[in-house]
Amino acid sequence: MAIEEEIKLTAASALVLDTVAQDGALLAKCQGTPIKTRHFLATYYDTPERHLLQNHLAFRMRQEQGGGLRANLKGTGGPMVAGLAQRQEWEEMLSTPIAHWEELPAGEMRERILAAVDPQAALVPLFVTDFQRRVLLLQWEENRVEMALDQGEIRTDTQIHPLAEVELERLAGQGEAIRALADDLMQRYPLTYSQRSKFGLGLALLGLDAEI
């Protein structure tokens, strides 16, 4: 298990992300390749009775480039405050999709999920996140920060929510670093603190006012 710490900023439009990606001051702080681009397609699941949601858990399976699936579970970390989220996180690689929770490989993720659901319960899809991510690894003063520019959509069977956001994740150093970087970006670009995570936005499409 790891503790994820990140700040999410909502962009006024996708064009804002293009402008941020060309910011010379940020590019000067990049480590390695300035920008790496990846496509992320993930489906969030729960039980028919939504037992994971009741236990403040979010589970997804994401197709990885080159094959395989990355299973991800996020747990309670308190509500998002001024864009900042701190949550428990577990990850496992899967060779094939699973249809029932008992099929998860042994480990902390499986134990945490099976404490909340019937092992033989079916996985029910909730919604899909589908976006392009441009990643910059920044050396911000004495800290390492991953900045992701996400553009795409979140969709259910009947609704679509466009996605344009900046995600700042602390990799090493002090937590204040991502806050300082977020403040700097908001002063120079039409960005605001996100009120919901991608999971929260998906739940809103389903008419559920909940967040982990």
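This report describes the overall form, the strand pairing and selected residues of a predicted model.

## Overall form

The chain contains 6 helices and 9 strands. Its radius of gyration is 17 Å, close to the 17 Å that the globule rule gives for 212 residues, so the chain is as compact as a globular protein of that length. Taken along the principal axes, the box filled by the C-alpha atoms is roughly 50 × 35 × 35 Å.

Buried residues make up 46% of the 212 residues of the chain. Among contacts with a separation of 6 or more, 61% are accounted for by residues 24 or more positions apart.

## Surface and charge

About 10,100 Å² of the chain is exposed, and 49% of this area is supplied by carbon and sulfur atoms. The chain carries 21 positive and 31 negative charges, and the mean positions of the two sets are 3 Å apart.

## Antiparallel pairing from β3 to β8

A series of pairings links strands β3, β2, β6, β7 and β8. Strand β3 (residues 58-63) is joined to β2 by 5 bridges, and the two strands run antiparallel. Within this pairing, Ala42 has Arg62 of β3 as its bridge partner. Strand β2 (residues 36-46) also pairs with β6, in the antiparallel sense and over 11 bridges. Here Phe40 stands opposite Phe131 in β6.

Strand β6 (residues 124-140) continues the series by pairing with strand β7 (residues 143-155) over 13 bridges, again in the antiparallel sense. Arg134 has Leu149 of β7 as its bridge partner. The hairpin of β6 and β7 has 2 residues between the strands, and Glu141 in this hairpin takes a positive phi near 55 degrees.

Strand β7 in turn pairs with strand β8 (residues 160-172) in the antiparallel sense, over 12 bridges. These two strands form a hairpin with 4 residues between them. In this pairing, the bridge partner of Gln151 is Ala164 of β8.

## Thr43 in strand β2

Thr43 lies in strand β2. Is this residue buried or exposed? Its relative accessibility is 17%, and because buried means under 20%, Thr43 counts as buried.

Leaving aside residues up to four places away in sequence, Thr43 touches Phe59, Arg60, Met61, Pro125, Phe127 and Val128. Phe59, Arg60 and Met61 fall within the residue range of β3, while Pro125, Phe127 and Val128 fall within that of β6. The contacts of Thr43 thus involve both strands with which β2 is paired here, β3 and β6.

## Helix α6

Helix α6 comprises residues 198-205, and 7 of its 8 residues are buried, so the helix is largely enclosed by the rest of the structure. The buried residues are Lys198, Phe199, Gly200, Leu201, Gly202, Leu203 and Leu205. The helix is followed by Gly207, which has a positive phi near 80 degrees.

Phe199 is found in this helix and is buried, with a relative accessible area of 6%. How far apart in space are Phe199 and Leu181, C-alpha to C-alpha? The distance is 24 Å, for a separation of 18 residues in sequence.

Methods
Residues numbered from 1 in each chain as written. Predicted model: local features only at pLDDT ≥ 70, side-chain atom pairs only at ≥ 80, totals over all residues. Heavy atoms only, no water. Buried < 20%, exposed > 50% of the residue type's maximum accessible area, 1.4 Å probe, protein only. Pairing = 2+ DSSP bridges. Rg over C-alpha atoms; globule rule 2.2 N^0.38 Å. Contact = heavy atoms within 4.5 Å. Areas by Shrake-Rupley, 256 points an atom, 1.4 Å probe, with all protein chains shown as cover. Lys, Arg positive; Asp, Glu negative; His and termini not counted. Charge placed at Lys NZ, Arg CZ, Asp CG, Glu CD.
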